[in-house]
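Thanks for coming. I'll put the chain on the screen and talk through a few parts of it.

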Amino acid sequence: MITLYQFHWSHYVEKVRWALDYKGVRWTAVEVEPFSKREMLHLRCELMLDSGRKLYAVPTIHDKDTGTVISDSSRILDYLERTYPQEPLYPQGADATAEMKRWMLWLDSTLGLAARRLAYTQITLEHPGILATLFIPQKVDAHNAEAIKGSLSGAVIGGVLSQRFRFTHNQSDRVFENLEQCLLIIAQRLGSRRYLVGERFTAADLTLAALLRPVMLLPFFRKHSELQELFAWRRSLLEVHRREARNFYETALHEIRQRRGWALGDVRWLSRRPDERKPVPTQIPEMVVARNDQQSVGRWPLLSGPAWYLQLKATCGLGRTAYP
Ligand SMILES: N[C@@H](CCC(=O)N[C@@H](CS)C(=O)NCC(=O)O)C(=O)O
């Protein structure tokens with residue numbers, strides 16, 4: 001029996017849940033309190049960030065049968081493959097396996113990070129109350145007077161997240177451009193084949209389909225003419241594997257956008273660009289470990305949250321477009 005420590009909405013967590021279900025391993029989830037992480041402090045399983053700092057992170061698993069505790073989704077999938085080889089998620093042969101691992105680490109380090117950063121930005125700017133529901137679930141009911149409190153605490157949480165993930169630098173860090181490039185590389189790869197590596201479904205496909213979820217919140221990508229086949233590929237995988245088509249934050253934001261009739265879909269600096277996109281590379285780089293760009297935000301972030309939130313609103317560079 002495996003215990004999975006999770007934030008239920010995390011796309012890296014969904015990657016592990018999907019692998020556990022695919023292999024038919026028995027598991028149970030522990031929902032971790034995002035600020036204190038008190039449910040997992042006894043585990044001693046910190047993840048190294050790009051900054052060199054260590055952090056308790058989800059997904060983390062504790063396999064009670066072997067006593068193993070591991071963090072990081074790709075390392076967890078590697079452990080599951082070695083310990084529970086049925087149903088296999090790795091291809092046959094050392095070369096194909098190495099290629100598949102390269103795709104997984106690259107997806108974790110590019111798509112996974114950029115999609116998370118831009119989706120949190122979008123929620124913070126469009127309806128921060130959703131963040132309160134995710135980060136302090138017992139406090140907020142969107143349908144009563146608590147909703148206003150939810151929006152206020154959501155704005156504070158959004159401000160803190162904007163520092164943690166550098167939302168105010170989205171333009172200068174070229175996050176939209178880099179994510180677009182990454183999605184075009186993938187779309188190109190899947191243009192001529194059914195799976196990322198080899199002839200059957202592997203952990204690389206599972207990683208891609210799971211990590212694409214936050215992209216679905218971003219109108220700029222959702223309506224991108226060169227990405228529709230990639231999104232259809234993902235939808236059909238979710239259906240075949242009976243994974244959730246839409247999760248809580250997608251449904252919540254969709255309903256709010258429908259009611260208002262708009263979404264922040266205009267990325268102003270991109271809609272003004274001359275069409276001078278770089279050619280799409282055919283190769284992805286070699287990686288040894290997954291990157292993780294989370295930043296440390298100091299000891300009293302909640303006090304500065306509202307100021308960070310207002311700064312983001314003033315500088316985001318996103319404009320309204322009709323929805324749907
Ligand atoms: N590369 C890691 C990324 C894990 C990660 O960044 N997890 C986030 C949630 S999506 C986390 O737990 N962050 C800790 C925090 O926000 O304090 C993986 O693939 O598991």
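Start at the hairpin of β5 and β6: there are 4 residues between the strands, and G67 takes a positive phi near 80°. Before going further, the conditions: this is a predicted model, local features need pLDDT of at least 70, side-chain atom pairs count only at pLDDT 80 or more, and totals for chains, interfaces and linings use all residues. Residues are numbered from 1 along each chain as its sequence is written, and side-chain values use heavy atoms, with hydrogens and water left out.

Helices and strands here are DSSP runs numbered from the N terminus, H or I of at least four residues for a helix and E of at least two for a strand. Two strands count as paired if DSSP finds at least two bridges between them. On that basis β5 is joined to β6 (residues 68–71) by 4 bridges, antiparallel, and D63 has T68 as its bridge partner in β6. On the β1 side, 4 bridges join β5 to β1 (residues 2–6), again running antiparallel. There, L4 is partnered by I61 of β5.

What about the two faces of β5, residues 60–63? Both are covered: T60 and H62 on one side, I61 and D63 on the other, are all buried. Buried means under 20% relative accessible area, exposed over 50%, and partly exposed in between, with a 1.4 Å probe and protein chains only. As background, side chains in a regular strand alternate between the two faces of the sheet.

Now the whole sheet. Its 4 strands form an open sheet in the order β2-β1-β5-β6, with mixed pairing. β2 (27–31) and β6 stand at the edges with a single partner strand each, so one side of each has no neighbour in the sheet. From one strand to the next the twist averages 20°. Helix α1 packs on this sheet, touching β1, β2 and β5, and its direction makes about 160° with that of β1. Contact means heavy atoms within 4.5 Å; axes are lines fitted to C-alpha atoms, for helices over the stretch in contact, with angles from 0 to 180 degrees between N-to-C directions. Helix α2 lies across β1, β5 and β6, at about 145° to β6.

One residue of α1 is D21. Is D21 buried or exposed? Neither quite: at 37% relative accessibility, D21 counts as partly exposed. Leaving aside neighbours within four places in sequence, D21 contacts W27 and R243. The C-alpha atoms of D21 and H241 are 9.3 Å apart, with these positions 220 residues apart along the chain.

Next, α2 against α3. They pack at about 150°, axes 10 Å apart. That makes α2 roughly antiparallel to α3, where under 35 degrees counts as roughly parallel, over 145 as roughly antiparallel, 65 to 115 as roughly perpendicular and the rest as oblique. The contact is made by S73, S74, L77 and D78 of α2 with K101, M104, L105 and D108 of α3. By class, the contact has 3 nonpolar, 2 polar and 3 charged residues. Nonpolar covers Ala, Val, Leu, Ile, Met, Phe, Trp, Tyr, Cys and Pro, charged is Asp, Glu, Lys and Arg, and the others, Gly among them, are polar.

How does the length of α3 (residues 94–109) check out? Its 16 residues at 1.5 Å a residue should span 22 Å, and the end C-alpha atoms are 22 Å apart, which agrees. The expected span is 1.5 Å times one less than the number of residues. The buried residues of α3 include W103, W106 and R102. Among the elements covering them are α1 (11–23), α4 (111–126) and α7 (175–191).

For α7, 17 residues should span 24 Å, and the ends are 24 Å apart, which agrees. 14 of the 17 are buried, so α7 is largely enclosed by the rest of the structure.

In α4, look at T124. T124 counts as buried, at 0% relative accessibility. Beyond residues up to four places away in sequence, T124 touches L131, G158, F167, Y309 and L312.

Last, β7 (residues 262–267). 5 of its 6 residues are buried, so β7 is largely enclosed by the rest of the structure. β7 pairs with β8 (residues 318–322) over 4 bridges in the antiparallel sense, with W262 opposite A322.
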